[in-house]
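Student: I am new to this structure and would like a close look at a single part of it. Please choose one aromatic residue and describe its surroundings in one connected answer.

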Amino acid sequence: MQFSDLIGNASVSEILQKAIATHTVPNTLLFSGSEGIGKTLFAKVLASHLLYPNGMDAIQKEKIFSKNTHPDLHILQPEGKWFTIAAIRYFLEESSLLPFESSAKVFLFFDAEKMHTDCANALLKTLEEPTLDSYVILMTSKEEELLPTIRSRCIRVPFSQPSEADIISFLQRKSVPSTAEIKRLAPLALGSFRRAHQLATDPKFLEKRELLANLLSAFSYDIWEKFSKTLEDEEFLDWEEIFSFILFWYRDLHLLQETKNSKNAYLTPYLSQLQKIKNFPSLENVHHWLEQVKEGLDRNIKAKVCLEELFFKLHSDNFTSPSQFRAKGRKVVVTM
């Protein structure tokens with residue numbers, strides 16, 4: 001795979017290719033941008049050029065891009081919510097050794113913001129004084145959560161969200177059945193290749209999205225029960241997707257109220273539902289309530305409890321108390 005094979009972020013491709021051609025690739029890079037927009041593929045393509053400046057054979061490509069088994073490409077990620085000090089010690093030891101079979105060693109840190117201070121501090125010395133044949137690429141979707149000392153030692157490479165045209169090109173490569181299906185799915189991806197792939201390959205993903213949209217339109221306990229069951233499936237649970245969709249939903253509601261123009265709406269497939277909603281909370285309140293949900297989840301409060309409280313607040317114009325909110329829900333279930 002080459003940079004020419006990648007979709008979106010053409011300016012990043014140009015910068016990285018120029019650095020490769022002039023042998024000026026920094027030893028420590030920070031790839032920053034939202035989830036699912038291609039940072040990992042860009043990092044692996046860059047790594048392949050650093051490992052094999054004169055080109056690769058098929059086996060080497062497979063090790064890097066398919067199997068993640070190349071001895072000089074090291075992928076590090078949090079264990080649970082955080083990086084462990086053992087993972088950082090492994091990095092420190094490996095970075096001090098010579099490459100095993102290629103021209104360099106490359107270390108990819110996924111979710112780099114998930115480092116406690118001790119881990120980040122242990123990493124700092126190597127970032128300050130990297131060996132010439134070692135390259136570190138930190139990847140994050142939450143740059144603001146990285147320690148300033150880490151950020152200051154990296155060359156930042158910002159990634160932008162792909163356009164709808166980029167998403168369409170991506171889905172065409174994935175052989176989605178029809179042009180009509182591609183046009184339907186592209187705006188639902190909300191600028192994320194990962195979401196586009198999930199929408200095209202996992203019917204449960206779209207089903208959960210539809211349930212969430214219905215809950216945001218008007219609370220119904222039977223729909224809530226269906227949605228809450230998806231929270232029990234850890235493999236299917238994607239908090240970033242849920243939070244992003246809710247923020248996009250209320251962003252569009254305010255846009256429609258203030259401009260009466262749907263041209264710049266993100267959730268165009270849901271315009272008919274959005275246009276029927278007259279009362280809704282401020283974006284400031286929505287942000288605040290979502291932060292409360294995140295704090296609750298971090299304290300290991302059950303997801304169903306956190307989200308039920310969130311939906312009460314989002315629909316508080318229609319309910320005077322949480323008990324009335326739940327009572328109406330039980331009534332809906334009984335009368336079905």
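**Phe91 and its ring partners**

Tutor: In this predicted model, the structure holds 13 aromatic pairs. One of them joins Phe91 and Phe107, and the pair is edge-to-face, with 4.9 Å from centre to centre and 90° between the planes. Any such pair is described by two values, the distance of the ring centres and the angle of the planes. Planes over 60 degrees apart count as edge-to-face, so the 90° between Phe91 and Phe107 falls in that class.

The two rings come from separate elements. Phe91 belongs to helix 4 and Phe107 to strand 3, which spans residues 105-109, so their pairing ties together parts of the chain that are 16 residues apart in sequence. Between the C-alpha atoms of Phe91 and Phe107 the separation is 7.9 Å. Phe107 has a relative accessible area of 0% and is therefore buried.

Phe91 also pairs with Phe109. Here the ring centres are 5.3 Å apart and the planes stand at 80°, so this pair too is edge-to-face. It again links distant parts of the chain, since Phe91 is in helix 4 and Phe109 in strand 3, 18 residues away. Both Phe91 and Phe109 are buried.

Now to Phe91 itself. The helix that holds Phe91, helix 4, covers residues 85-95. Because its relative accessibility is 0%, Phe91 counts as buried; the limit for that term is under 20%. Leaving aside residues up to four places away in sequence, Phe91 touches Leu76, Phe107, Phe109, Leu123, Thr126 and Val136. Its two ring partners described above, Phe107 and Phe109, are thus among these contacts.

Other aromatic residues group elsewhere in the sequence numbering: Phe3, Phe31, Phe42 and Phe159 form one aromatic cluster.

A last point concerns the cysteines. A search of the whole structure finds zero disulfides. For Cys119, the closest cysteine sulfur is that of Cys154, and at 15 Å it is too far for a bond; a disulfide needs the two sulfur atoms within 2.5 Å. Cys119 is buried, as its relative accessible area is 4%. Cys306 has a relative accessibility of 8%, so it counts as buried as well.

To return to the chosen part: Phe91 is a buried residue of helix 4, and its ring meets Phe107 and Phe109 edge-to-face.

Conventions. Residues are numbered from 1 along each chain as its sequence is written. This is a predicted model: local features need pLDDT of at least 70, side-chain atom pairs count only at pLDDT 80 or more; totals for chains, interfaces and linings use all residues. Side-chain values use heavy atoms; hydrogens and water are left out. Helices (H or I, at least four residues) and strands (E, at least two) are DSSP runs, numbered from the N terminus. Buried means under 20% relative accessible area, exposed over 50%, partly exposed in between (1.4 Å probe, protein chains only). Contact means heavy atoms within 4.5 Å. Rings of Phe, Tyr and Trp (its six-membered ring) pair if their centres lie within 6.5 Å; planes under 30 degrees apart count as stacked, over 60 as edge-to-face and the rest as tilted.
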